[in-house]
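Me: I am new to this structure and would like a close look at one part of it. Please walk me through the salt bridges and where their partners sit.

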Amino acid sequence: HRSATSMPGSRPPSAASSRRASRMNPPNEEALLAGMDPVEVVDGQPSDDEAAPRPSLAWPIFSCMFYFLSAALTTPAMPRFVNSIANADGSTAVSQAGVELKGTFESVDQLMTFLFDPIWGVVSDRVGRRPLQVLSCVGMALGWATVALGSPMWVLLAGRVLDGVTSCMLPICQSSVKDMSAPEKLSANLGVLQGVAIGAAFLIGGMAGGILAQEAASPRTNFAVASAVAACAAVIIASCAPETLEERSRAPRVDWARANPVSSLSRLSRTRVCAGASMAYLLFWLGLNGLQVNLYNYTNLRYAWSPTQAVGLQASAGVVLACSNALGPRLLGPLIGQANVMRVGMAGFAAAMVAMGMSVTGPGFAASVIASSVATMCLPGLTGLVAAEAQGDEAAAMLTALDSMSTLDRLVAYKAMSYIFARGIGWGLLGAHFYAGTACVLLGWVALEVALSSARDKRPAGRTSTIESESFPSRTSGQIVWK
């Protein structure tokens, strides 16, 4: 906990004056008992930098949720729309041309995100979080509007480029959470953001988008509604949302030299803690992306499932994932420590992927997928461990660097895991991509242990690292503060 400070040139407070100051400030004691950050006291009064209350966590959750709600509304309609413009007869039937065009759209979007995420991170550390949240929503609104209204191919591709260029909402909202979170609560709060905002958005948006795609005369209706949702979110954020990055915590300037993907890799490998946690995060996602990209084809081929059954499993897994990310770090962290929460998640996910590959029945496979969703409780902790390594004025730069590498990770995983799945069909080993994913996650576990070991080695002599108990180290003014 932070102790009371003295004014320059003044005498240190005596024990008696300290007791008087303590009695004069009962709200500070109430904050401690409530689990809130203690208020720094100077001569019996809260200091200027502590007097203002922190913004509510509800705002980054709102921003992130409505952004991804807009994205989720289009998911059920995108295949039909792409097929309708790829097929010569205008039908929505699945075709090779439609599959290839959809892959092109997704690749353009993700490539732009990979290239521009690092730029928006360093810009956000200078100008604040809210302008970038508005930019992201405006970009998505305009991107979906081109799909809803446009017909020429260049217009549709331009919309995908615009959406990808401005796609920075998640790391910016994660940076907002870091701005307003005490170090010991960072992992739990990131879990709430990822679980409540993203999980709920794709559950609600996916279901609403599916109904809309069935009832509407054209798949373009989904994109029109999604554009309107993103536009409304942009207006609300711009007019009502508070700025979470205080002026004194901002970078003195935009460091354009570091606003590129190469700099992202350098930033994430700056320390062994950051490099290990980033590698663990990316290897975990290699396995998870392998499951996501092949789910529909795998369940149809092995268990003769219909798309409806696969959607039902995906929705159920999304609910479990949201609860696990939101509650896992918050409930288990104080009991077994955040480090062990991450270890349990990595081990549990590896075991679940082996079970997926070995399951000979649909229910067994579904149970394994649900178990893997529970194991994603390690993701907020890994994100928090990376965020804790950021200097005071580069939180967004660090998290957008991680998001940029995640985009590259997704591109590699989609291609590699699809290839392994295809080869496994020829080998008679249908679950080959699950076993490959298991190997990735186990390597990620090794990287996590390197990060945790390095974090323990960095603690001051005689101090116990709470990374093994509840929280992570934070950086203040370039120095590590162990709580």
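Reply: Happy to. Counting a side-chain nitrogen of Lys or Arg within 4 Å of a carboxyl oxygen of Asp or Glu as a salt bridge, the total comes to 8. This is a predicted model, in which local features need pLDDT of at least 70 and side-chain atom pairs count only at pLDDT 80 or more, while totals for chains, interfaces and linings use all residues. Residues are numbered from 1 along each chain as its sequence is written, and side-chain values use heavy atoms, with hydrogens and water left out.

Let us start with Arg 129 and Asp 125. Their side chains meet in a salt bridge with an N to O distance of 3.0 Å. Both Arg 129 and Asp 125 are buried (under 20% relative accessible area with a 1.4 Å probe and protein chains only; exposed is over 50%, partly exposed in between).

Another pair is Arg 126 and Glu 247, whose closest N and O atoms are 4.0 Å apart. Arg 126 belongs to helix H6 (residues 96-127), whereas Glu 247 sits in the loop between helix H11 (220-240) and helix H12 (261-268), so this salt bridge ties together parts that are 121 residues apart in sequence. Helices here are DSSP runs of H or I with at least four residues, strands are runs of E with at least two, and both are numbered from the N terminus. Arg 126 counts as partly exposed because its relative accessibility is 27%. Glu 247 reaches 54%, so it counts as exposed.

Now move to helix H8. Asp 163 and Arg 160 both lie in this helix, 3 residues apart, which is about one turn. They form a salt bridge whose closest N and O atoms are 3.1 Å apart. At 3% relative accessibility, Asp 163 counts as buried, and Arg 160 is buried too, with 4%. There is a further partner to find: salt bridges with shared partners join Asp 109, Arg 160 and Asp 163 into one network.

While you are looking at H8, which covers residues 153-165, find Leu 162 as well. Its relative accessibility is 31%, so Leu 162 counts as partly exposed.

It helps to set these pairs against the whole chain. There are 19 helices and 4 strands, and of the 483 residues, 50% count as buried. One of the helices, H4, has 13 of its 17 residues buried, so the rest of the structure largely encloses it. Another place to look is just after helix H18, where Gly 428 has a positive phi, near 80°. If contact means heavy atoms within 4.5 Å, then 79% of the chain's contacts between residues at least 6 apart in sequence join residues at least 24 apart.

Finally, a word on confidence, given by pLDDT, the predictor's score for each residue from 0 to 100. The chain's mean is 80, and 82% of its residues reach 70 or more. Over residues 1-51 the pLDDT is below 50, and this stretch has 43 contacts in the model beyond near neighbours in sequence. Residues 462-483 also have pLDDT below 50, with 67 contacts in the model beyond near neighbours in sequence.
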